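Open the structure in a viewer and keep the selection panel at hand. The stops below say what to select next and what is there.

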Amino acid sequence: MTSRTRLPSPRQQLLERVRADRARLADDIARQAVAEIPDYEGTDPADLIPTTTAMLQHLLDALSETRDPSAAEVAAFAEYGRLRAHQRISLEGVLRAWRMSIRRLLDEFGSVAPDSGADDRLLLELTRETLDLVDSAILAFSTGHREVELERAGRDRQDRADFTRALLLGTLTATDLRQRAPAYGLDVDRDYRAFRTHASADLFPADLVRHLRPFALTTVDGDLAGLTDRKPLLALSFPIGFGPPTRPEHLDHSFRLASRTLTTAHTFGHTGPRDFDDLGLLPAVLADPDLGAELSRRYLTPLGHGEAATILTQTVECYLDTGLRIEPTAQRLIVHPNTVRYRIGRFEHLTACDLRRAHIGAEVWWAIHYRKIGSTP
């Protein structure tokens, strides 16, 4: 008997013919991508051909064996996505290139079908299987592409945070600042405010970003800090210290004042956004404990201790705050004006001072607020 060689099926003939010509097909696809897709503009087609050829090979192998992509092929698709991301080609650009490539591949199937004995039913079957394979490929290379984008975004955020910290701490030279600022979108001819706040369970960085729209957030000694062009009006249960607006080269000064503002506001129980100007002499009270202690000895020690001393101190503080006016003080304390007069007289008698003298009033105010530091938890 004479043995007969079994001829390949029309499906195998078609796929083998396309496989044999895949280098030319990859070259056509690469050149078309460079010509038609903006993300690929300026790219040498020769740099795209190897990976394009490999992707076609993976698709044709799966079609020839009538199977889903293997684990190795899925990994190759993911690596392809990472490569394109490293080449700064957007995911949208990659997807456009793939859609174009698949159209070109399906056109190639149609071109070689007559010589391969493939009918319309087989072409429809190959089209459906190819699109199913492409769905798996897109999922894989999109994942790889996004991984690189997330890694890059993380590095960019860290680089921006490091740059911001250097700005706030004054460790950048003027030359470094002007060279690096454009890369981060910082306008060196615009004013910004430094800010600082304590990290706490009540504060989420996303809240600061939403309300302050900062140039960047960073950390300084465990605190959240940054720079912004605004000071929002917020009802917050914690303080945020703001420095004065200034150009980027002077942000270290703004940050020092923001830090003093935060420390002072926190010590005296102030909440919400605070400027250095909002605090009056309180930063000085906090910064000079020796003077505060001496003024407290001079004006508060003679009052003694207990409820009577507390009432006198509260009355004098309100009296000073209202500009030495009896009626407003009485209204605020909800007492009779004569009661206020008696308490003020009693205070002046015990301390041998005259609150109407400007420097005496300032010294007493300083002593009262210094005493508050010791009672602040």
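**Start at L14**

Select L14 and show its neighbours: leaving aside residues up to four places away in sequence, L14 touches F109, V112, A113, S116, A118, L123 and L126. A contact here means heavy atoms within 4.5 Å. The model is a predicted one, in which local features need pLDDT of at least 70 and side-chain atom pairs count only at pLDDT 80 or more, while totals for chains, interfaces and linings use all residues. Residues are numbered from 1 along each chain as its sequence is written, and side-chain values use heavy atoms, with hydrogens and water left out.

**The two cores**

Now add V18, Y40, W98 and F109 to L14; these five have the most contacts inside the largest nonpolar core, which has 41 residues. A nonpolar core is a set of buried Ala, Val, Leu, Ile, Met, Phe, Trp, Tyr and Cys residues joined through side-chain atoms within 4.5 Å. Buried means under 20% relative accessible area, exposed over 50%, and partly exposed in between, with a 1.4 Å probe and protein chains only. Colour α1 (10-20), α2 (22-36), α3 (45-64), α4 (71-86), α5 and α6 to see the elements that give two or more residues to this core. The most comes from α5, with 10 residues. Helices (H or I, at least four residues) and strands (E, at least two) are DSSP runs, numbered from the N terminus.

Next, select F268, L300, Y319 and V364, which are included in a second, separate core of 25 residues.

**Aromatic pairs**

How many aromatic pairs does a search of the whole structure find? There are seven. Rings of Phe, Tyr and Trp (its six-membered ring) pair if their centres lie within 6.5 Å; planes under 30 degrees apart count as stacked, over 60 as edge-to-face and the rest as tilted.

Show W98 with F141: this pair is tilted, at 5.1 Å centre to centre and 35 degrees between the planes. Because W98 lies in helix α5 (residues 91-116) and F141 in helix α6 (residues 120-169), the pair ties together parts that are 43 residues apart in sequence. Both W98 and F141 are buried.

Move on to F163 and Y184, a stacked pair with 4.7 Å centre to centre and 20 degrees between the planes. This pair links distant parts of the chain, with F163 in helix α6 and Y184 in helix α7 (residues 174-184), 21 residues apart. F163 and Y184 are buried as well.

Return to W98 and F141 and add F77 and Y80; the four form one aromatic cluster.

**Two loop residues**

Select I334, in the loop between α13 (326-333) and α14 (337-351). I334 is not a glycine, yet has a positive phi of about 60 degrees. Most residues other than glycine have a negative phi. I334 is exposed, with a relative accessible area of 74%.

Then go to A352, in the loop between α14 and α15 (358-375). Its phi is also positive, about 55 degrees, although A352 is not a glycine. A352 counts as exposed, at 63% relative accessibility.

**Zoom out**

Finally, show the whole protein chain, whose secondary structure comes to 15 helices and five strands. The C-alpha trace spans about 135 × 45 × 30 Å along its principal axes. Of the 377 residues, 43% are buried.
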